[in-house]
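Colleague: I am new to this structure and would be grateful for a close look at a single part of it. Please take the strands that pair in the parallel sense, and then set them in the context of the rest.

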Amino acid sequence: MSLPSTELEGPPAFEPWGRYPKYNARIVPLHWRGDFPAVTDKIHDSALPVGMGRSYGDVCLLKDGILLLTTGMNRLIDFDPETGLLTAEAGITLAQILDFAVPKGFFLPVTPGTKYVTLGGAIANDIHGKNHHVAGTFGCHITRFELVRSDGSRMICSPTENPDYYAATIGGLGLTGVITWATLQMKPIVSRLIDYEGIQFHGIDEFLDLTEQSKNIEYTVSWVDVTSTGKNFARGVFMQGDHSSKRDELKPSPKPKLVFPFDAPGFALNSLSVSMFNTVFFHKQIHKRVVALQDYEPFFYPLDKVLHWNRMYGKSGLLQFQYVIPWEHAKEGTAAILREVAKSGLASFLAVLKAFGDVPSPGMMSFPKPGITLALDFPIKPEKSFPLFARLADMTREFGGRLYPAKDAAMTAAQYQAFYPQWQRFARFRDPMLTSSFWERVTGDQPSI
Ligand SMILES: Cc1cc2nc3c(=O)[nH]c(=O)nc-3n(C[C@H](O)[C@H](O)[C@H](O)COP(=O)(O)OP(=O)(O)OC[C@H]3O[C@@H](n4cnc5c(N)ncnc54)[C@H](O)[C@@H]3O)c2cc1C
């Protein structure tokens with residue numbers, strides 16, 4: 001067993017994906033699943049476990065404390081090819097799991113739009129994927145995990161063992177303890193390929209019709225053009241697919257070769273360039289309907305092809321805004337928010353629209369609920385972006401929706417507490433040594449050490 005040095009070591013910079021806010025984090029790497037309580041004997045600041053920093057904002061930051069970097073804790077512990085149950089240390093990435101499991105005929109039960117996230121990070125944000133309407137969240141497929149608390153206690157959590165901590169930790173933003181290992185139910189596949197179909201739509205009604213027609217298709221997601229108004233308002237491409245049932249070679253994925261090489265200047269992304277991108281993307285699919293067999297990499301992870309693509313937004317970074325609005329107000333709320341975004345001129349070319357299904361999330365604080373979710377990226381222009389975010393968050397609240405902490409760097413304490421009224425019940429499960437900049441911002445809580 002390798003214990004970490006008690007010196008504060010590690011890479012000097014740990015940034016969230018949106019590169020905002022920026023703090024000079026102090027980092028202690030965890031190399032082994034027993035490390036956390038040993039570390040707490042030596043350090044007396046508050047701390048936060050972190051993974052790959054693929055959250056956009058400050059759920060993976062702690063301004064005056066220590067980040068416990070879990071990525072060195074990445075061993076595969078057990079895999080049963082009969083049942084598909086895979087147990088691994090929590091710092092393993094989904095990319096590492098895929099490299100191991102795909103050649104054996106297994107795939108992740110739920111995956112986000114990047115494979116460079118850790119197992120622990122995926123649980124702590126209870127992430128969702130393109131199959132939410134049939135498979136629910138990532139946490140639905142976590143059968144057990146170990147939670148280690150700063151006092152050295154270790155707990156096995158599952159729906160039947162310490163069920164309160166199981167529910168608080170799934171979607172628990174890293175605040176209930178360090179997840180050291182977890183068991184995940186993988187799903188069988190016979191091919192790397194996806195039976196893909198892309199369909200152009202114009203407007204939210206057409207999007208909703210396509211959603212209804214694709215209820216039995218495993219993966220659905222849409223790209224929507226948020227810059228267009230008039231007859232092109234809410235035009236987009238509805239993308240759907242199932243794992244191909246035709247047997248095929250199950251090779252591991254090649255390593256990505258492209259890296260975004262530098263921080264782009266602030267003027268590179270403006271409303272004109274984004275609107276041009278959107279027009280090209282919409283018309284790239286020249287036919288109303290396109291059918292193809294596509295490898296799972298471009299289907300699930302188109303953005304992973306260029307490592308560090310967030311540099312495209314320059315040093316000031318980007319903000320992401322993701323809401324879910326329940327069905328009752330989903331259509332009017334989405335139309336109103338899309339209009340507000342178009343009016344602001346703060347264009348976003350990564351705009352993803354999806355319907356969440358009604359599979360219940362196991363986490364006490366999980367984000368998804370039935371309705372429409374929309375995720376938008378914006379370059380940070382402080383005088384414009386933050387007022388727009390405040391308006392969009394208030395609109396989300398008026399329509400009965402909520403925002404996703406994993407993507408957030410701007411919601412206020414009042415907004416968060418209205419979105420997640422159960423937050424005080426959840427706070428009872430927090431480890432007294434663990435906190436985050438997000439948690440302090442949205443609860444007004446001070447570090448407890
Ligand atoms: C390009 C891109 C696409 C994305 N697409 C999606 C998507 O489709 N759906 C979706 O839901 N999300 C999506 N995300 C967000 C991402 O999946 C989540 O933010 C995820 O949680 C990041 O994992 P991470 O390993 O980087 O964790 P970090 O961002 O480092 O940390 C995330 C949270 O996990 C906690 N944590 C990390 N490790 C542990 C541990 N061992 N024990 C306890 N707590 C821990 C941290 O404290 C923090 O609160 C996307 C992000 C990017 C950059």
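**The parallel strands and their surroundings**

Modeller: The protein contains 13 helices and 20 strands. The model is a predicted one. Of its 449 residues, 48% count as buried. Among contacts with a separation of 6 or more, 76% join residues that are 24 or more positions apart.

The part requested centres on strand E3, which covers residues 66-69. Strand E1 (residues 26-29) pairs with E3 in the parallel sense, over 4 bridges. Within that pairing, Ile-27 has Leu-67 of E3 as its bridge partner. E2 is likewise paired with E3 in the parallel sense, again over 4 bridges. Here Leu-48 is the residue that stands opposite Leu-67.

In a regular strand, side chains alternate between the two faces of the sheet. In E3, Ile-66 and Leu-68 lie on one side, while Leu-67 and Leu-69 lie on the other. These four residues are all buried, and both faces of the strand are covered.

Leu-68 deserves particular attention. Leaving aside residues up to four places away in sequence, Leu-68 touches Val-28, Leu-30, Phe-36, Val-39, Ala-47, Leu-48, Pro-49, Val-50 and Val-178. Leu-68 is also one of the residues with the most contacts inside the largest nonpolar core, together with Ile-123, Ala-182 and Leu-319. That core has 117 residues, and E17 gives the most to it, with 6 residues. Another core, of 7 residues, lies apart from it and includes Leu-193, Ile-194, Phe-299 and Phe-300. As a general matter, nonpolar side chains tend to be buried together in soluble globular proteins.

The ligand offers a second view of this part. Of the 33 residues around the ligand, those that come nearest are Gly-51, Gly-120, Gly-121, Ala-124 and Gly-174. Strand E2 (47-50), helix H3 (119-124) and strand E9 (178-185) are the elements that give two or more residues to the shell around the ligand. H3 gives the most, with 4 residues. By class, the shell has 18 nonpolar, 14 polar and 1 charged residues.

E9 leads on to an open sheet of 5 strands, in the order E4-E5-E9-E7-E8 and with antiparallel pairing. Its edge strands are strand E4 (76-80) and E8, each of which pairs on one side only. From one strand to the next, the twist averages 10°. E7 and E9 pair in the antiparallel sense over 6 bridges, and Ile-142 has Leu-184 in E9 as its bridge partner. On the E8 side, 4 bridges join strand E7 (residues 142-148) to strand E8 (residues 154-157), and these two run antiparallel. In this pairing, Leu-147 stands opposite Met-155 of E8. The two strands form a hairpin with 5 residues between them, and Gly-152 in the turn has a positive phi of about 95°.

The strand named above for its share in the core, E17, belongs to an open sheet of 8 strands. This sheet has the order E15-E11-E13-E12-E18-E19-E17-E20, with antiparallel pairing. Its edge strands are strand E15 (289-295) and strand E20 (402-403), each pairing on one side only. Within the sheet, strand E11 (residues 193-202) and strand E13 (residues 235-243) pair in the antiparallel sense over 9 bridges. His-202 has Arg-235 as its bridge partner in E13.

Two helices accompany this sheet. Helix H6 (residues 204-213) lies across E11, strand E12 (219-224), E13 and strand E18 (351-356), and runs at about 150° to E11. Helix H10 (residues 382-398) packs on the sheet and touches strand E17 (318-326), strand E19 (371-379) and E20. The direction of H10 makes about 10° with that of E17.

One loop residue completes the account. Ser-214 has its place in the loop between H6 and E12. Ser-214 counts as partly exposed because 18 other C-beta atoms lie within 10 Å, whereas a buried residue would need 20 or more. Not counting residues up to four places away in sequence, Ser-214 touches Thr-220 and Gln-240. Ser-214 and Gln-240 are 26 residues apart in sequence, yet 7.8 Å apart in space, C-alpha to C-alpha.

Note on methods:
Residues numbered from 1 in each chain as written. Predicted model: local features only at pLDDT ≥ 70, side-chain atom pairs only at ≥ 80, totals over all residues. Pairing = 2+ DSSP bridges. Contact = placed C-beta atoms within 7 Å. Axes fitted to C-alpha atoms, helices over the stretch in contact; angles between N-to-C directions. Near = placed C-beta within 6 Å. Nonpolar A, V, L, I, M, F, W, Y, C, P; charged D, E, K, R; others polar. Core = buried A, V, L, I, M, F, W, Y, C linked by C-beta atoms within 7 Å. Buried ≥ 20, exposed ≤ 12 C-beta atoms within 10 Å, placed from the backbone.
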